[in-house]
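Hi there,

Here is the structure I promised to pass on to you. Have a look at it first, and then read on for what I found in it.

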Amino acid sequence: MTEIGEKIVKYGGELPQGVRLVAVSKFHPVEALREAYDAGQRIFGESRVQEIEVKHREMPADVQWHFIGHLQTNKVRQLVPYVTLIHSIDSQRLLECVDREARRIGRTVDVLLQLHVAQEATKFGLTPEECFALAESGAIERLANVRVCGVMGMATNTDDEAAIRREFRLIRHTFDELRQGIFAGKPWFTEVSMGMSDDYRIAIEEGSTLVRIGTSIFGARSY
Ligand SMILES: *Cc1c(COP(=O)(O)O)cnc(C)c1O
């Protein structure tokens, strides 16, 4: 088995029940994805529409493509035919755009609301308050071709474990509030996407259901 394959097997043994691995393959060649696939990995995370489009043509049809990067509305049409889950909905406008493009091709697309809780201005997302406001506005119920399945977030890039934990706790808390509120009775609202190579253990302790791991599976990315 290859080094990448061994990593997939290692995570498969390490992640608790109810936590799924998104193998973040952005900037890595299809050969690397194939090694992961051969070791059993089916969920791959990509952050650029162009790249996911090329790779999905070269990989087997049972791969589930998760889009985790910042998504521009002018790229949505290209993405919706083959994406399984969009993690990065950060505005009502984007959500409506995904709904429109999904309706156009007669499908329903699963999405997550991206929360901004980190101390970095560079990160995208809705604050928890904006997220509650969007949910309470009724805008989500009107959209028949998107299904909001949970939330996604990133912690600040820091060594301060307590700070990371606080941010993950806020993401999980926001999810719980939404689930008991507007999403009560929506059995598909189940996903909390948080945790990357450096902080996934903390994320799992704080209630992650999807960890997005790139570097520690595929190695460093060359941009
Ligand atoms: C690139 C990326 C990851 C993977 O990060 P690693 O540190 O390489 O594990 C996870 N989530 C998002 C949103 C990313 O853009």
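Let me begin with one residue: Ile8 has a relative accessible area of 6%, so it counts as buried. Please keep in mind that this is a predicted model. Ile8 sits in helix H1, which covers residues 3-14. Leaving out neighbours within four places in sequence, Ile8 is in contact with Leu21, Ala36, Ala39, Gln41 and Ile217. Take Ala36 from that list: 28 residues separate Ile8 and Ala36 in sequence, yet their C-alpha atoms are 6.4 Å apart in space.

Now for the whole chain. The protein has nine helices and eight strands. Its C-alpha trace spans about 50 × 45 × 30 Å along the principal axes. How does the radius of gyration fit with a compact globule? For 223 residues, such a globule would come out near 17 Å, and the protein has 17 Å, so the two agree. Of the 223 residues, 52% count as buried. Among contacts with a separation of 6 or more, 58% are between residues 24 or more positions apart.

On the outside, the protein exposes about 10,500 Å², and carbon and sulfur atoms supply 48% of that area. As for charge, there are 28 positive and 32 negative side chains. The centres of these two sets lie 5 Å apart.

Inside, the largest nonpolar core holds 65 residues. Which of them touch the most other members? They are Phe44, Leu79, Ile86, Val98, Val111 and Ile217. You have already met Ile217 as one of the contacts of Ile8. Leu79 touches Val49, Ile52, Phe67, Leu71 and Ile86, if residues up to four places away in sequence are not counted. There is also a second, separate core of nine residues, and its members include Val22, Ile43, Leu85 and Cys149.

Cys149 deserves a closer look. Its place is in strand S6, and with a relative accessible area of 5% it is buried. Beyond its neighbours within four places in sequence, Cys149 is in contact with Asp110, Val111 and Leu112, and also with Trp188, Phe189, Thr190 and Glu191. Val111 in that list is one of the residues named above for the largest core. Cys149 and Val192 are 43 residues apart in sequence, with 8.7 Å between their C-alpha atoms.

Three loop residues are also worth a visit on your screen.

- Ala144 lies in the loop between helix H6 (128-136) and strand S6 (146-154). Is Ala144 buried or exposed? Its relative accessibility is 62%, so it counts as exposed. Even so, Ala144 touches Asp99 and Thr108, not counting residues up to four places away in sequence. From Ala144 to Arg104 the C-alpha distance is 12 Å, with the two 40 residues apart in sequence.

- Met196 is in the loop between strand S7 (191-193) and helix H8 (200-205). At 36% relative accessibility, Met196 counts as partly exposed, because the cut-offs are under 20% for buried and over 50% for exposed. Setting aside residues up to four places away in sequence, Met196 touches Met154, Arg212 and Ile213. Met196 and Leu113 are 83 residues apart along the chain, and 17 Å separates their C-alpha atoms.

- Phe27 is found in the loop between strand S1 (20-24) and helix H2 (30-38). Its relative accessibility is 23%, so Phe27 counts as partly exposed too. What is the phi of Phe27? It is positive, at about 70 degrees, although Phe27 is not a glycine. Most residues other than glycine have a negative phi.

If you open the model with a few places in mind, I would suggest Ile8 in helix H1, Cys149 in strand S6 and Phe27 with its positive phi.

Happy browsing, and do write back with any questions!

Best wishes

Methods:
Residues numbered from 1 in each chain as written. Predicted model: local features only at pLDDT ≥ 70, side-chain atom pairs only at ≥ 80, totals over all residues. Heavy atoms only, no water. Helix = DSSP H or I, 4+ residues; strand = E, 2+ residues; numbered from the N terminus. Rg over C-alpha atoms; globule rule 2.2 N^0.38 Å. Buried < 20%, exposed > 50% of the residue type's maximum accessible area, 1.4 Å probe, protein only. Contact = heavy atoms within 4.5 Å. Areas by Shrake-Rupley, 256 points an atom, 1.4 Å probe, with all protein chains shown as cover. Lys, Arg positive; Asp, Glu negative; His and termini not counted. Charge placed at Lys NZ, Arg CZ, Asp CG, Glu CD. Core = buried A, V, L, I, M, F, W, Y, C linked by side-chain atoms within 4.5 Å.
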